[in-house]
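Reader: I would be grateful for a close look at one part of this model, the largest pocket, followed by an account of the side-chain contacts found elsewhere in the structure. Please connect each contact with the burial of its partners where that is possible.

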Amino acid sequence: MSRIRPSTPPEPASCIARALHRRLPDRIRGAGTLYLWLRRGRTALRVARRLASTGWEHEFVDACARIPLGNGDVQVCTAELCSALTEAEAHDTRALFVPGEGIPQLPDFARMTSLHALDVLARSGWLLDQLAEGRFISFFHPIVHAADTGRVFAHEALLRGVERDGSIIDAQPILTLAREADLLSEVDSAACRSAIREAARHGPGMCVFINFSPAAIRDPEAHLNSTVMAIEEVDLARERVVFEVTEADRYGDTPRLQQVLNAYRRAGFRVALDDLGAGWSTLNLVHRVRPDFIKLDRELIRGVHDDPVKALIARKLLEIGHGMRIGTIVEGIEEEAELSWVRDNGADFVQGFLLGKPSPVVRS
């Protein structure tokens with residue numbers, strides 16, 4: 001695992017991050033006893049085997065497992081138990097954590113939840129710490145000219161987290177936990193602020209693509225206002241910022257999404273649609289939004305030179321972009337043959353591990 005220290009001091013904890021941090025009950029952090037009510041049969045057997053193999057002290061009273069835990073053990077224990085069960089079994093298993101050495105009292109049972117929900121709650125403390133302490137950073141993945149891959153056009157900002165020991169956390173576990181804990185909107189906003197701050201540090205002339213999931217944003221107007229404020233606090237021109245729309249298929253209200261994206265464009269930002277070719281909803285947005293850029297899906301491009309069907313689809317998408325005067329970006333380039341194919345078929349820009357990997361330092 002790589003290690004890095006944030007190059008700038010963490011931004012102050014926002015009011016919303018502090019409020020979210022207070023949402024995590026103190027009792028989940030200390031020592032206490034975990035009670036599980038298990039369905040007899042396979043679920044109970046799996047839990048018993050995992051507790052025995054991992055050495056957790058425990059006892060069974062009928063269908064209830066009693067597991068004494070020390071300070072900080074709840075997250076480790078629930079994660080191990082969830083990994084031993086199917087997702088449905090983890091949702092079906094009732095769980096209650098009682099702090100201290102007491103036994104459950106009647107008011108405690110109001111807090112009973114599923115093992116899965118308790119695991120998410122225990123792990124979300126780590127995510128809330130990341131938010132409150134400003135420990136999100138950005139790595140930058142170069143986007144280069146297809147005709148001359150030595151010329152950098154822009155960089156895509158990619159979310160990373162930093163542990164207190166300096167180790168780097170990839171975006172996927174952060175986003176997965178954020179979605180489960182209903183914190184995706186807060187993480188998306190924090191990642192956006194990090195990308196703006198760090199892009200500005202590399203100079204006002206840098207063009208940066210910032211991933212943006214409208215489906216994750218609870219209040220698009222507030223998100224836009226906070227983005228404008230973040231831009232105004234640093235030396236970064238709005239026209240050098242491109243919001244790259246991800247997960248458009250999760251946003252069911254296409255006209256509303258069109259309004260959101262048009263608001264960003266009126267504010268002076270450019271817009272790109274990601275994963276073109278992965279689904280109809282994104283393709284449908286092309287003629288509605290008329291984005292500044294489209295990015296062809298990496299799965300479509302993988303092996304495109306050897307697959308006539310992929311080649312036909314990719315070629316038509318590139319033609320659509322050119323016909324609408326939209327910049328075309330092909331991502332996921334990992335082989336010379338793929339690069340040669342997209343270059344021959346008129347892609348404007350390319351991105352992929354063949355051309356450069358994400359790094360905290362931008363490529364000049």
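Author: The following account begins with the pocket and then turns to salt bridges, aromatic rings and contacts distant in sequence. The model is a predicted one.

The largest pocket has a volume of about 870 Å³. Its lining is made up of 33 residues, and those closest to the pocket centre are Glu156, Leu158, Ala171, Leu175 and Asn211. Two or more lining residues come from each of these elements: strand S6 (136–145), strand S7 (152–162), helix H6 (171–180), helix H7 (184–201), S9 and strand S11 (270–276). The greatest contribution to the lining is that of H7, which supplies six residues. In chemical character the lining of this pocket divides into 15 nonpolar, eight polar and 10 charged residues.

Two residues allow the surroundings of these elements to be described further. Alanine 181 is placed in the loop between H6 and H7. With a relative accessible area of 13%, alanine 181 is buried, because the cut-off for burial is under 20%. Its C-alpha lies 10.0 Å from the C-alpha of glycine 125, although alanine 181 and glycine 125 are 56 residues apart in sequence. The second residue, histidine 145, belongs to strand S6. Histidine 145 has a relative accessibility of 17% and therefore also counts as buried. Between histidine 145 and isoleucine 329 there are 9.1 Å from C-alpha to C-alpha, while the separation in sequence is 184 residues.

The salt bridges come next. Over the whole structure, 19 of them are found. One of these joins glutamate 319 to lysine 316, with 3.6 Å from N to O. Both residues belong to helix H12 (residues 308–323), and because they are three residues apart there, about one helical turn separates them. Glutamate 319 is partly exposed at a relative accessible area of 42%, and lysine 316 is likewise partly exposed, at 45%. Elsewhere, salt bridges with shared partners link Glu156, Glu244, Lys295, Arg298 and Glu331 into one network. This network leads back to the pocket, since Glu156 is among the lining residues closest to the pocket centre.

Two further salt bridges may be set side by side. In one, the side chains of arginine 66 and glutamate 59 meet at 3.5 Å, N to O. Arginine 66 is partly exposed, with 29% relative accessibility, and glutamate 59 is partly exposed as well, with 39%. In the other, arginine 111 is bridged to aspartate 108, and their closest N and O atoms are 3.2 Å apart. Here the partners fall into two classes of burial: arginine 111 is partly exposed, its relative accessible area being 27%, whereas aspartate 108 is buried at 18%. The assignment of aspartate 108 follows from the cut-off, because a value under 20% counts as buried.

The aromatic rings form another set of contacts, with a count of 12 pairs. Tyrosine 35 and tryptophan 37 make up a stacked pair, in which the ring centres are 6.2 Å apart and the planes meet at 25°. The pair is called stacked because its planes are under 30 degrees apart. Tyrosine 35 is buried, at a relative accessible area of 7%, but tryptophan 37 is partly exposed, at 28%.

Phenylalanine 212 and phenylalanine 243 are arranged in another way: their ring centres are 5.7 Å apart and their planes stand at 70°, so this pair is edge-to-face. Phenylalanine 212 is in strand S9 (residues 208–212) and phenylalanine 243 in strand S10 (residues 241–245), so their pairing ties together parts that are 31 residues apart in sequence. Both phenylalanine 212 and phenylalanine 243 are buried. Strand S9 has already appeared above, as one of the elements that give two or more residues to the lining of the largest pocket.

Aromatic residues also gather in a group, for Phe153, Phe209, Phe293 and Phe349 form one aromatic cluster. A contact between a charge and a ring completes the account: the charged end of lysine 357 sits over the ring of phenylalanine 353, at 5.7 Å from the ring centre.

Terms used: Residues are numbered from 1 along each chain as its sequence is written. This is a predicted model: local features need pLDDT of at least 70, side-chain atom pairs count only at pLDDT 80 or more; totals for chains, interfaces and linings use all residues. Side-chain values use heavy atoms; hydrogens and water are left out. A salt bridge is a side-chain nitrogen of Lys or Arg within 4 Å of a carboxyl oxygen of Asp or Glu. Buried means under 20% relative accessible area, exposed over 50%, partly exposed in between (1.4 Å probe, protein chains only). Helices (H or I, at least four residues) and strands (E, at least two) are DSSP runs, numbered from the N terminus. Rings of Phe, Tyr and Trp (its six-membered ring) pair if their centres lie within 6.5 Å; planes under 30 degrees apart count as stacked, over 60 as edge-to-face and the rest as tilted. A charge sits over a ring if NZ of Lys or CZ of Arg is within 6 Å of the ring centre and within 35 degrees of the ring normal. On a 1 Å grid over the protein atoms alone, a cavity is a set of points where a 1.4 Å probe fits but cannot get out, and a pocket is an open set with protein on both sides within 12 Å along at least five of seven lines; lining residues have an atom within 4 Å of a point. Grid points are joined across faces, edges and corners, and a volume is the space filled by probe spheres set on the points. Ala, Val, Leu, Ile, Met, Phe, Trp, Tyr, Cys and Pro count as nonpolar, Asp, Glu, Lys and Arg as charged, and the others, Gly among them, as polar.
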